[in-house]
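I opened this entry to note what I looked up, topic by topic. The structure comes first, my notes after.

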Amino acid sequence: MPIFKTPFNGYSVKFSPFYENRLAVATSQNFGILGNGRLHVLDLSHDPSLPPITELASYDTADGVYDLAWSESHDSLLVAAVADGSVKLYDLALPPTQNPIRSFQEHTRETHSVDYNPVRRDSFISSSWDDTVKLWTLDRPTSVRTFKEHAYCVYSAVWNPRHADVFASASGDCTVRIWDVREPGSTMILAAHDAEILTCDWNKYDECLIATGSVDKSIKVWDVRNYRIPITVLNGHGYAVRKVKFSPHSRNLMVSCSYDMTVCAWDFMVEDALVSRYDHHTEFAVGVDMSVLVEGLIASTGWDELVYVWQHGTDPRAH
C-alpha cells in the first residue's frame, strides 16, 4: 500500500470525512522539540500511471504541528494544533499564501490535540500542555470556554460521537475527565491508570465506552456507567501507548500505536484481543487513524518521517 516520506517527523494523521482518498498529516522538525512544522494534505491514487500518494497541498509553520482535525461541515477546512500554543485554521480552497485563514492564540503552552465536533459540526476543542481544554467556534475570535481542572498536560480531548455536548480529556495527571459543556465542571473523573494517560477515544457504536492508553503500556476500555473497573485491559505494547482509535465500522475493533514502533489492531471483546501487530515503522509510531469512508483502511505516521496507508490484514510495506 502507499507510503509517503515527510521532511519532518510525523505526529498525527487523519483521513478526510468527505473524500475517501484524502488524508492529512501533521509533522514537526527535530522530534517536535525545537524547529518548524508542516501540515501535508495527501491524495491516494488507484491509477497505476500515477504515484500511489501525491501531495495536494502543504503548509509551513514556524513551530511544530502536533495534531490536526478535519472540519465536519466544510470539506476544505482543517484545524491544526501547533507547538506555539496556537490553533490554526486552513482552507484548501485558497492558495497557500492566504493560509492559515485564522490563528487562535490563547493556550500558554503547546497545543497537543484538536478534535472537531462530529454531531454539531460547528465547533472544535483543543487541549494543551497548559493543563486546559478550550472550546472554539469558527465565528468567534476567542474561545467559547476554557475547561481547567487537570493538574498536568492534557494530551488528548475527544468529542463523544453521539452526544453533541460531551467530550473526554486525557491527562498526564493520570485521569480522564468526562465533560458536558452545559455543566460548570467535569461530570466524571476516571483514575484510569497509575501513569500518564496520553490518549483516549470513544467507541463509535456504544457511546458509553471509552478507551484509554497510557505510559504504563496498557490500553483499558471503560464503561462510563460503571467506571470503577475497566471492561478489559489490553497488554501487548512494549512502551507507552501514544494513540488509540476505535473503528468507525466495527464495534469491537480498535487500533493503537506506541513508542515501541508498532501499530496494533485489537478485538477488545475476546480473550486473545491482539488481532494484528504491524511493525513497519522504524521509530516511535505516534499517529494512527481509520477511515470513516473505506472500511478497514488504516493510516499511520511516526518519527521515521513516513506515512503508511494500508488495508487491515495486509502488510503495510507491500506495494
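**Sheet.** I am working from a predicted model. I looked up an open sheet and found four strands in the order 2-3-4-5. The pairing is antiparallel. Which strands sit at the edges? Strand 2 (9-15) and strand 5 (53-61) do, each pairing on one side only. I also checked the turn between neighbouring strands of this sheet: it is 20° on average, with direction ignored.

**Strands 3 and 4.** I then took one pairing by itself. How many bridges join strand 3 to strand 4? I noted seven, between residues 22-28 and residues 37-44. The two strands run antiparallel. For the register I picked R22 and found D43 of strand 4 opposite.

**Cavity.** Next I turned to enclosed space. Rolling a probe the size of a water molecule over the atoms shows where empty space is left. The search covered the whole structure and gave one cavity of 30 Å³ or more. I wrote down a volume of about 120 Å³ for the largest cavity. Its lining has 13 residues, and D67, H112, Y155, R242 and K243 are the closest to its centre.

Which elements give two or more residues to that lining? I listed these:

- strand 2 and strand 6 (65-70)
- strand 10 (111-116) and strand 14 (154-159)
- strand 18 (197-202) and strand 22 (241-246)

Strand 2 is thus on my list twice, as an edge strand of the sheet and as a contributor to the lining. I sorted the lining by class as well. It has five nonpolar, five polar and three charged residues.

**Repeats.** I went to the UniProt record for annotation. The unreviewed entry places "repeat: WD" at residues 104-146, 147-189, 190-232 and 234-276. I looked at two of these spans in the model. Residues 190-232 are 0% helix and 44% strand, with the end C-alpha atoms 15 Å apart. Residues 234-276 are 0% helix and 49% strand, and here the end C-alpha atoms lie 13 Å apart.

**Aromatic pairs.** Last, I searched the whole structure for paired rings and got 15 aromatic pairs. I followed up one of them, Y11 with W303. Why do I call this pair tilted? The ring centres are 5.9 Å apart and the planes stand at 40°, and planes count as tilted when they are neither under 30 degrees nor over 60 degrees apart, so the pair is tilted. Where do the partners sit? Y11 is in strand 2, and W303 is in the loop between strand 27 (297-302) and strand 28 (306-311). They are 292 residues apart, so I logged the pair as a link between distant parts of the chain.

Terms used
Residues numbered from 1 in each chain as written. Predicted model: local features only at pLDDT ≥ 70, side-chain atom pairs only at ≥ 80, totals over all residues. Heavy atoms only, no water. Pairing = 2+ DSSP bridges. Axes fitted to C-alpha atoms, helices over the stretch in contact; angles between N-to-C directions. 1 Å grid on protein atoms, 1.4 Å probe; cavity = no way out; pocket = protein on both sides within 12 Å on 5 of 7 lines; lining within 4 Å. Points joined across faces, edges and corners; volume = space filled by probe spheres on them. Nonpolar A, V, L, I, M, F, W, Y, C, P; charged D, E, K, R; others polar. UniProt positions renumbered as here; feature names shortened; annotations may be inferred. Phe/Tyr/Trp six-rings, centres within 6.5 Å; stacked < 30°, edge-to-face > 60°.
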